[in-house]
There are 4 protein chains.
Amino acid sequence: MKAVVYKGPFSVAVENAPDPEIKHPNDVIVRITSSCICGSDLHMYEGRTAAEPGIIFGHENLGVVQEIGSAVKTLKPGDRVVLPFNVACGFCKNCQRGFTGFCTTVNPGFAGGAYGYVAMGPWRGGQAEYLQVPFADFNCLPLPPGEDHEADFAMLADIFPTGYHGAALADVSPGESAAVFGAGPVGLMAAYSCLIRGAAEVYSIDHVPERLDKAAEIGATPINFDQGDPVQQIKERRKGDGVDKAIDAVGYQACAPGSSAAGGEQDEVPNIVLNQLIEVVNAAGALGIPGLYVPADPGGVDENAKRGALSINFGKLFEKGLRLATGQCNVKLYNAYLRDLIIAGKASPSFVVSHQVPLDEAPSAYDKFDKRIEGYTKVILKP
Amino acid sequence: MKAVVYKGPFSVAVENAPDPEIKHPNDVIVRITSSCICGSDLHMYEGRTAAEPGIIFGHENLGVVQEIGSAVKTLKPGDRVVLPFNVACGFCKNCQRGFTGFCTTVNPGFAGGAYGYVAMGPWRGGQAEYLQVPFADFNCLPLPPGEDHEADFAMLADIFPTGYHGAALADVSPGESAAVFGAGPVGLMAAYSCLIRGAAEVYSIDHVPERLDKAAEIGATPINFDQGDPVQQIKERRKGDGVDKAIDAVGYQACAPGSSAAGGEQDEVPNIVLNQLIEVVNAAGALGIPGLYVPADPGGVDENAKRGALSINFGKLFEKGLRLATGQCNVKLYNAYLRDLIIAGKASPSFVVSHQVPLDEAPSAYDKFDKRIEGYTKVILKP
Amino acid sequence: MKAVVYKGPFSVAVENAPDPEIKHPNDVIVRITSSCICGSDLHMYEGRTAAEPGIIFGHENLGVVQEIGSAVKTLKPGDRVVLPFNVACGFCKNCQRGFTGFCTTVNPGFAGGAYGYVAMGPWRGGQAEYLQVPFADFNCLPLPPGEDHEADFAMLADIFPTGYHGAALADVSPGESAAVFGAGPVGLMAAYSCLIRGAAEVYSIDHVPERLDKAAEIGATPINFDQGDPVQQIKERRKGDGVDKAIDAVGYQACAPGSSAAGGEQDEVPNIVLNQLIEVVNAAGALGIPGLYVPADPGGVDENAKRGALSINFGKLFEKGLRLATGQCNVKLYNAYLRDLIIAGKASPSFVVSHQVPLDEAPSAYDKFDKRIEGYTKVILKP
Amino acid sequence: MKAVVYKGPFSVAVENAPDPEIKHPNDVIVRITSSCICGSDLHMYEGRTAAEPGIIFGHENLGVVQEIGSAVKTLKPGDRVVLPFNVACGFCKNCQRGFTGFCTTVNPGFAGGAYGYVAMGPWRGGQAEYLQVPFADFNCLPLPPGEDHEADFAMLADIFPTGYHGAALADVSPGESAAVFGAGPVGLMAAYSCLIRGAAEVYSIDHVPERLDKAAEIGATPINFDQGDPVQQIKERRKGDGVDKAIDAVGYQACAPGSSAAGGEQDEVPNIVLNQLIEVVNAAGALGIPGLYVPADPGGVDENAKRGALSINFGKLFEKGLRLATGQCNVKLYNAYLRDLIIAGKASPSFVVSHQVPLDEAPSAYDKFDKRIEGYTKVILKP
């Protein structure tokens with residue numbers, strides 16, 4: 001089969017790879033119809049991780065069941081399914097409690113696994129024609145047959161649940177005010193999710209005009225941090241008041257005001273967003289942090305950043321009595337509910353998709369997405 | 001009346017002060033029968049805050065209603081009551097939601113007020129014969145008449161709820177394992193509260209042998225951090241596993257292994273406990289942080305510490321998907337329930353009390369408690 | 001002042017009544033600008049309660065503070081406020097925990113008080129020029145000055161929070177399906193609230209075409225129970241599946257299919273909706289029951305109904321593992337958040353208002369509303 | 001192998017049955033070392049269900065893995081495990097959310113399955129030498145090797161979690177008061193669980209002196225309902241106050257005061273406990289109902305009872321604003337935590353076990369247990 005293979009920093013190729021096979025009775029093979037490029041794929045693409053050449057990328061996967069293992073109970077060939085980016089077993093202590101992003105079975109010695117990602121276990125990615133899916137009864141989310149909502153449903157693999165996770169971690173509730181830092185695909189999904197959860201006011205903070213325009217289109221209030229301290233901008237609009245809840249959809253590659261849209265290590269201020277969150281929420285508020293922070297970052301701006309240690313205004317955090325929650329999204333907590341919102345016409349997350357291109361064009365798509373040129377913000381590869 | 005007045009660093013005196021008066025229709029005057037010295041009083045006593053001489057100390061107060069304001073509905077002279085250390089109005093947005101430690105009414109411009117404490121509003125302390133209590137229907141917790149359980153009930157003003165708050169912030173639940181850092185009075189109350197909440201295993205970390213003995217007496221497993229990395233000690237006892245939940249009952253004056261019991265600025269490592277918490281819990285766990293962190297500490301070990309900025313292993317925190325909750329205890333969330341446990345004979349928090357002395361002996365009690373000599377660990381002043 | 005006074009079954013008059021006075025330091029007097037007639041006022045109007053002539057009706061009140069008691073802290077004359085229908089103290093055990101509909105202070109010997117309602121305490125109603133409001137700092141919800149959103153804000157006194165309470169009791173969550181029985185004002189508010197909370201599908205069950213039209217307008221799916229068993233209608237639309245959650249916004253005066261819109265005792269089947277709720281939800285689902293059930297109903301259809309005992313399919317309820325929650329709305333849990341949705345333009349509950357008439361026209365408005373003629377469904381009286 | 005086979009009303013025999021086999025790759029075969037007789041087995045034994053002769057009884061099973069299917073990941077022969085009485089898949093909508101008692105996979109057309117029970121699917125019981133366990137990675141709870149705590153661990157299959165479920169459904173929390181109706185094995189486990197969860201006061205209501213003695217031994221207050229209305233007895237002890245929470249551990253075979261210990265249809269008052277629960281709790285309280293109610297009971301006392309319809313004081317329930325939760329226990333929500341309490345020495349639920357007998361003596365054990373003679377209250381069969 002054809003697959004997108006990592007060749008080294010800033011290089012991927014579409015190559016032939018062995019077809020995946022049923023290796024375990026609970027496996028299925030899925031024929032991929034949509035597989036997205038994720039911003040987190042760029043961490044590997046840019047050589048900013050320990051990823052070795054040869055990895056098949058792709059953890060945002062949707063397709064049709066092609067073949068099933070002998071133990072599979074609820075799936076049959078022809079079923080259309082979307083896969084959470086986290087690979088999970090369904091029965092370990094963490095999976096049982098809903099923490100499927102921290103499965104201890106699928107990636108021995110570590111809590112959490114994913115398709116096509118460095119250090120996340122032996123699972124090949126889905127930017128390819130076929131994908132092996134383990135513990136298939138647990139991992140496959142059934143979709144209506146056909147091709148309706150294909151792009152919306154593709155968002156269920158990662159970014160829609162991940163954005164929603166931010167809102168859930170911060171417990172954004174009806175009538176509340178929320179500030180969402182970052183208006184990339186995940187940030188937009190987080191702002192969108194705050195609105196779905198009934199927030200009265202949502203502020204969306206970024207400095208890329210196209211992103212802020214999208215935020216305004218969905219009903220959030222855009223705040224451009226190149227135009228002044230975003231915390232002060234929000235407090236001015238709220239007559240001195242902060243917000244109830246805040247979400248970090250940026251992560252450790254946060255950049256300083258005035259830096260370029262595509263970012264760059266020289267512009268990074270890895271703790272800037274975290275400290276802005278602490279500043280912008282009112283006492284007794286909550287912070288949701290789906291944005292990625294890592295314990296080892298070879299490209300970190302200093303020795304502390306390289307080991308994931310950040311200077312946090314903890315005294316202020318305590319004085320305000322804040323709570324915060326972090327971590328990779330547990331996709332299965334949310335994906336069936338978000339699917340039903342799409343089917344009911346109440347959510348259309350594909351508004352973030354900028355391009356859909358054949359699998360063969362993956363190299364150029366990676367290049368343009370990485371450079372944030374020609375409007376590349378969210379790409380679906382179509383094998 | 002007689003009252004304990006702050007005279008300057010390392011000095012308090014028992015002096016005459018004007019009797020408090022009903023200043024507002026919702027006030028009552030309480031004749032104090034027990035008022036404890038809190039570890040946090042020592043921050044002021046040691047000159048480590050902005051406290052000016054003249055403050056009457058005392059935020060852990062119990063007594064008998066002497067006089068009531070014209071608007072008071074549920075109290076009458078003679079009623080025995082214990083007062084939460086937080087002064088709260090009962091009707092602001094935060095009080096309504098249970099966050100009575102962050103009342104926005106009683107200390108204008110700030111969220112939270114307390115008796116006898118610097119920057120916590122105009123409220124005089126209760127290490128005195130009488131105390132003015134505002135919003136009395138809201139702030140007074142009724143007790144059975146008489147003198148039974150006097151020392152147990154005195155713990156309801158602060159340290160028993162504050163310890164319990166740590167367990168609640170970490171959501172310690174039946175059958176779970178928990179590590180409680182610090183076995184001073186609040187740490188012991190936190191460990192005790194974990195057990196009340198049904199924890200299966202509780203580790204209590206300190207390096208003062210007397211404290212660790214108390215921890216063992218109540219059923220916790222003592223871990224002496226002078227005898228090796230406490231995280232490793234706990235994981236060894238658990239065959240490599242961490243714990244479900246962890247509590248920081250130490251705060252910013254955390255000290256390094258091998259330092260003296262009374263501590264001292266030169267021994268402080270303000271982020272050591274926070275990073276140990278992150279290390280000791282399992283993925284998807286939770287941290288409760290009732291230990292005090294402050295946004296401005298003139299005596300901080302470095303420039304960052306002076307402004308309450310600490311180096312936190314945030315990459316690791318995120319990778320494990322942890323959540324944490326902080327802040328001053330909202331005493332009213334818990335105090336009626338903890339009172340009922342005392343009345344039912346199911347809790348006796350006074351096991352932490354080392355001394356009960358007449359109010360007149362306050363100067364010597366402060367001195368000995370500050371030096372941790374003669375077994376002074378928790379003192380009740382009896383006016 | 002002028003006030004709407006109950007004269008006996010099917011009779012109210014606008015009469016002169018003594019102006020209310022500040023009786024307690026925490027009181028304020030509010031000059032009423034909007035006071036609604038509630039469906040529950042009709043219980044008294046129809047003589048179906050123990051209400052004695054002389055009661056001033058009106059528990060859905062909005063106005064401007066006219067005068068304040070000496071203990072009031074946060075209000076001043078001229079402030080625009082809306083009052084929860086429940087009178088509450090803010091400091092009893094129930095109020096502290098948010099159960100302000102079950103205050104034990106304001107109506108001695110009973111849990112819960114209200115303005116202008118039989119057996120709900122000594123509080124006069126607000127269908128009048130002025131209203132005494134006790135515990136004013138706690139009971140008054142501040143509104144923006146002026147007259148904007150007057151009808152929307154008037155809904156905050158009762159029916160918007162009460163409808164929302166139904167959705168909260170059933171814990172309706174994003175992406176779920178819900179069935180709301182009853183599309184009168186509270187039922188419509190419940191359906192509206194389910195949508196605000198992010199429900200994917202909401203079914204609205206009634207048999208009055210105008211109500212069902214309103215339900216469809218706000219995005220719910222109307223189900224007419226005169227056209228067949230509503231449970232079967234819903235399951236057919238869902239391919240045999242039930243719903244996640246169900247809400248009873250009807251109460252004990254539920255009527256049989258084919259009965260007239262205005263109802264009548266002969267048509268009542270007091271347990272019909274409760275058993276339909278049990279039938280329509282899936283296993284492990286939840287029921288929210290804001291619809292009124294009473295422990296004594298002189299007009300009940302049989303001896304059991306007269307004492308509030310209903311035949312419930314409890315075996316089925318248990319087999320499905322359902323949970324249910326009931327009771328009068330605790331308005332203060334929700335009203336500030338719902339106000340903020342109105343201000344942000346995200347909710348406009350006044351779509352249920354059919355008429356706004358001068359206070360003097362109260363007798364005719366009661367008559368028409370009781371008969372459900374001339375489109376009278378929700379009336380605001382304007383003193 | 002030998003197995004306990006149902007022969008007809010009041011008759012079981014130990015007979016030879018075919019050895020179970022691995023039928024599905026996720027199965028394991030467990031060699032049973034302990035299998036308890038449950039009170040709910042007596043429903044079948046007494047002919048009060050649709051159970052046909054030939055069923056192998058036994059849903060409270062503990063043993064050692066003998067053989068594993070090809071898909072099993074985390075188990076190996078020799079592992080000691082206890083099985084929840086509910087058979088569950090781990091991946092259906094209900095299992096995912098923790099409602100493993102309502103699995104929709106294992107018993108097609110119904111939500112919920114169990115071993116050895118009429119209408120609960122094709123799963124043979126474990127009162128036998130061997131047992132087939134499906135979805136074994138999900139259903140097996142690992143235990144420490146050896147034979148320690150064998151009787152305590154056997155309680156983890158059903159009655160300890162089921163009692164705990166009652167306390168969880170009522171959300172019994174530290175410092176609260178609770179009334180537990182029924183002091184049979186499940187009722188005692190519920191009272192014990194309330195205490196584990198930190199309740200201040202627990203009342204245990206029954207009329208069998210031996211049961212009430214056990215309740216007193218574990219720290220509950222016994223209330224004998226033959227000696228007067230239990231609600232009044234509790235309120236008198238509490239100076240007129242009710243309790244925060246109440247639990248029904250009796251179910252539909254509730255009996256009138258003065259009836260015999262073994263019960264009998266003529267003494268049944270199926271709604272008596274439910275209405276006592278409503279009466280005994282305070283406003284805004286909660287009810288947990290793990291006691292069994294069924295939608296079809298051929299032996300019901302009247303036509304309504306035969307179809308599971310009970311007369312409930314719903315008006316009172318609503319007036320008090322109560323919430324209630326019902327249903328079969330989801331054992332996997334609790335069993336690992338309860339196991340850890342046993343291992344830590346903090347729980348010893350085997351205090352309810354009256355007899356341990358060889359499997360061969362099952363017929364006499366059933367007879368004596370059904371007649372409640374010779375102290376038979378909880379029997380473990382030892383194959």
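**Chain contacts and backbone angles**

Reader: By what turn can chain B be laid on chain D?
Author: Chain B fits on chain D with an RMSD of 0.0 Å and a shift of 0.0 Å along the axis (least squares on the C-alpha atoms of residues with pLDDT of at least 70 in both). This is a predicted model: local features need pLDDT of at least 70, side-chain atom pairs count only at pLDDT 80 or more, and totals for chains, interfaces and linings use all residues. Residues are numbered from 1 along each chain as its sequence is written, chains are lettered from A and ligands numbered from 1 in the order in which they are written, and side-chain values use heavy atoms, leaving out hydrogens and water. The turn is 180°.

Reader: Which C-alpha of chain B is nearest the axis?
Author: The turn of 180° comes with a shift of 0.0 Å. That is the relation of a two-fold axis. At 2.7 Å from this axis, the nearest C-alpha in chain B is that of B:Arg197.

Reader: How many residues of chain B take part in the contact with chain D?
Author: Contact means heavy atoms within 4.5 Å. Chain D gives 17 residues. From chain B the number is 17.

Reader: Which three residues supply 36% of the area that chain B buries against chain D?
Author: Buried area is the accessible area (1.4 Å probe) lost when two parts are put together, summed over both. For chain B and chain D it is about 1200 Å², with 62% from carbon and sulfur atoms. On the side of chain B, no other three residues give more than B:Pro174, B:Ala200 and B:Tyr337.

Reader: Which element gives the largest share of the side of chain B that touches chain D?
Author: There are two residue pairs in polar contact between the chains (N or O atoms within 3.5 Å; within protein, one able to donate a hydrogen and the other to accept it, and sequence neighbours count only if both atoms are side-chain atoms). Helix H6 (185-196) and helix H12 (335-343) of chain B each give two or more residues (DSSP runs numbered from the N terminus: helices H or I of at least four residues, strands E of at least two). With three residues, the largest share comes from H12(B).

Reader: How many salt bridges does the rule find across the interface of chain D and chain C?
Author: The rule wants a side-chain nitrogen of Lys or Arg within 4 Å of a carboxyl oxygen of Asp or Glu. D:Lys93 pairs with C:Asp244 in this way, closest N and O atoms 2.8 Å apart. Between chain B and chain D the count is zero. Between chain D and chain C it is two.

Reader: What area do chain D and chain C bury between them?
Author: 41 residues of chain D touch 41 residues of chain C. Carbon and sulfur atoms give 61% of the buried area. The area is about 3300 Å².

Reader: Is A:Asp171 buried, partly exposed or exposed?
Author: Its phi is positive, about 55°, although it is not a glycine. Most residues other than glycine have a negative phi. A:Asp171 sits in the loop between helix H5 (159-169) and strand S10 (177-181) of chain A. Buried is under 20% relative accessible area, exposed over 50%, partly exposed in between (1.4 Å probe, protein chains only), so at 37% A:Asp171 is partly exposed.

Reader: What relative accessibility has C:Glu374?
Author: C:Glu374 has a positive phi near 50°. The loop between helix H13 (362-371) and strand S18 (379-382) of chain C holds C:Glu374. C:Glu374 counts as exposed, because its relative accessibility is 53%.
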